[in-house]
Amino acid sequence: MTDLFASLCQPAENLLPFDGIVNDYGPVFSASQADDHLRYLLAEIPWQHDEAVIYGKRIVTARQVAWYGDAAFDYRYSGTSRTALPWTNTLLAIKTHVEACIAAISPTRFNSCLLNLYADGSQGMAWHSDDEASLGRDTVIASLSFGATRKFALRHKRSGDKREMLLQHGQLIVMRGATQSHWQHAIMKSSRIHAPRVNLTFRTIVA
Ligand SMILES: O=C(O)CCC(=O)C(=O)O
């Protein structure tokens with residue numbers, strides 16, 4: 001099943017007009033596989049509220065997170081840090097599927113994954129770039145969504161150019177090239193969304 005879907009992974013044209021590449025692969029799991037993964041992620045991941053330092057103030061986010069990886073490395077971002085948990089079998093299977101999906105265009109072996117849980121549309125993620133030194137330059141980030149459809153937006157740091165897309169159940173996008181140097185991204189809030197969404201961003205820590 002996994003191989004069948006991996007062979008169907010065909011990205012759309014680059015969503016960005018310049019200074020980076022974002023490829024949309026659409027849904028990369030069957031509906032029932034995506035449902036199974038969502039159920040697993042909601043029930044089995046030890047979700048914790050995140051902390052961040054914003055304008056010098058430490059805040060606890062409504063959104064919850066979990067961090068997994070090959071090794072118990074520390075990941076530092078937004079003035080806070082987390083130690084990776086060891087992969088579960090299901091997360092490893094999802095990672096293998098994502099790597100197979102994108103292999104033709106951006107062969108990558110991810111060694112870590114940040115998981116975000118948005119309970120409903122009142123929770124989002126503010127504008128930011130994944131440009132931590134630990135990810136190196138021109139990093140490849142594969143972002144996989146399960147659950148409620150949410151609006152994902154990109155904004156160019158200098159020109160303010162914007163691009164938006166809806167991320168749906170089982171959908172995969174890949175950000176690569178100079179995207180993190182030149183663009184910020186965000187998950188927009190919406191009072192109309194009452195269901196949870198889980199997002200997995202597969203990353204490669206280089207340092
Ligand atoms: O939930 C999403 O789709 C975005 C996640 C994100 O921006 C991040 O983990 O840096």
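**Buried pairs, a ligand shell and a surface patch**

D50 is buried, and R63 is buried too. In this predicted model, the side chains of D50 and R63 meet in a salt bridge, with 3.9 Å from N to O. D50 belongs to strand β2, whereas R63 sits in strand β3 (residues 57-69), so this salt bridge ties together parts that are 13 residues apart in sequence. The count of salt bridges in the model comes to ten, and two others are described below.

A good place to go next is the ligand. Which residues are found around the ligand? The shell consists of L114, N116, Y118, M125, H128, D130, H185, I187, R197, N199, T201 and R203. Several of these side chains can be followed down to single atoms. In the side chain of R197, an N or O atom is 2.8 Å from an oxygen atom of the ligand. For R203, an N or O atom in the side chain is 3.1 Å from a ligand oxygen. D130 also takes part: one of its polar side-chain atoms lies 3.1 Å from an oxygen atom of the ligand. How much of the ligand does the protein bury? Taken alone, the ligand exposes 290 Å², and 97% of that area is buried by the protein.

The shell can also be read in terms of strands. The elements that give two or more residues to the shell around the ligand are β7 (112-118), β8 (125-128), β13 (183-187) and β14 (197-203). Which of the elements provides the largest share of this shell? That is β14, with four residues.

R203 deserves a closer look, since several contacts come together there. This arginine lies in strand β14 and is one of the residues around the ligand. R203 forms a salt bridge with D130, in which the closest N and O atoms are 3.6 Å apart. With D130 placed in the loop between β8 and β9 and R203 in strand β14, the pair ties together parts that are 73 residues apart in sequence, because its two members come from these separate elements. D130 and R203 are thus each described both by a polar side-chain atom at 3.1 Å from a ligand oxygen and by the salt bridge that they form with one another. The side chain of R203 also makes a polar contact with the side chain of T201, at 3.0 Å, and T201 is itself among the residues around the ligand.

Are D130 and R203 buried or exposed? A residue counts as buried when its relative accessible area is under 20%. D130 has a relative accessible area of 5%, so D130 is buried. R203 is at 3%, and therefore R203 counts as buried as well.

Another salt bridge has a partner that is exposed. D19 pairs with R158, and here the closest N and O atoms are 3.5 Å apart. This pair links distant parts of the chain, 139 residues apart: D19 in the loop between α1 and β1, and R158 in the loop between β10 and β11. R158 has a relative accessible area of 67%, so R158 is exposed. D19, with 28%, is partly exposed. The backbone of D19 is worth a glance too, as its phi is near 60°, a positive value in a residue other than glycine.

A comparable backbone feature appears at D138, which has a positive phi of about 50° although D138 is not a glycine. D138 is found in the loop between β8 and β9 (141-147). At 41% relative accessibility, D138 counts as partly exposed.

The loop that holds R158 joins two paired strands. Strand β10 (residues 150-156) and strand β11 (residues 162-167) pair in the antiparallel sense, over six bridges. Within this arrangement, R150 stands opposite L167 in β11. Five residues lie between the strands of this hairpin, and G160 takes a positive phi near 80° there.

Finally, the surface holds a nonpolar patch formed by I54, Y55 and I59, which together have about 360 Å² of accessible area. I54 is found in strand β2 (residues 48-54), the strand that also contains the buried D50. Why does I54 count as partly exposed? Its relative accessibility is 40%, and partly exposed residues are those between the buried limit of 20% and the exposed limit of 50%.

Conventions. Residues numbered from 1 in each chain as written. Predicted model: local features only at pLDDT ≥ 70, side-chain atom pairs only at ≥ 80, totals over all residues. Heavy atoms only, no water. Patch = residues over 30% accessible without salt bridge, like charges linked within 9 Å, V, L, I, M, F, W, Y side chains within 5 Å. Areas by Shrake-Rupley, 256 points an atom, 1.4 Å probe, with all protein chains shown as cover. Salt bridge = Lys/Arg side-chain N within 4 Å of Asp/Glu carboxyl O. Buried < 20%, exposed > 50% of the residue type's maximum accessible area, 1.4 Å probe, protein only. Pairing = 2+ DSSP bridges. Near = heavy atom within 4 Å. Polar contact = N/O pair within 3.5 Å; in protein donor to acceptor, adjacent residues only side chain to side chain.
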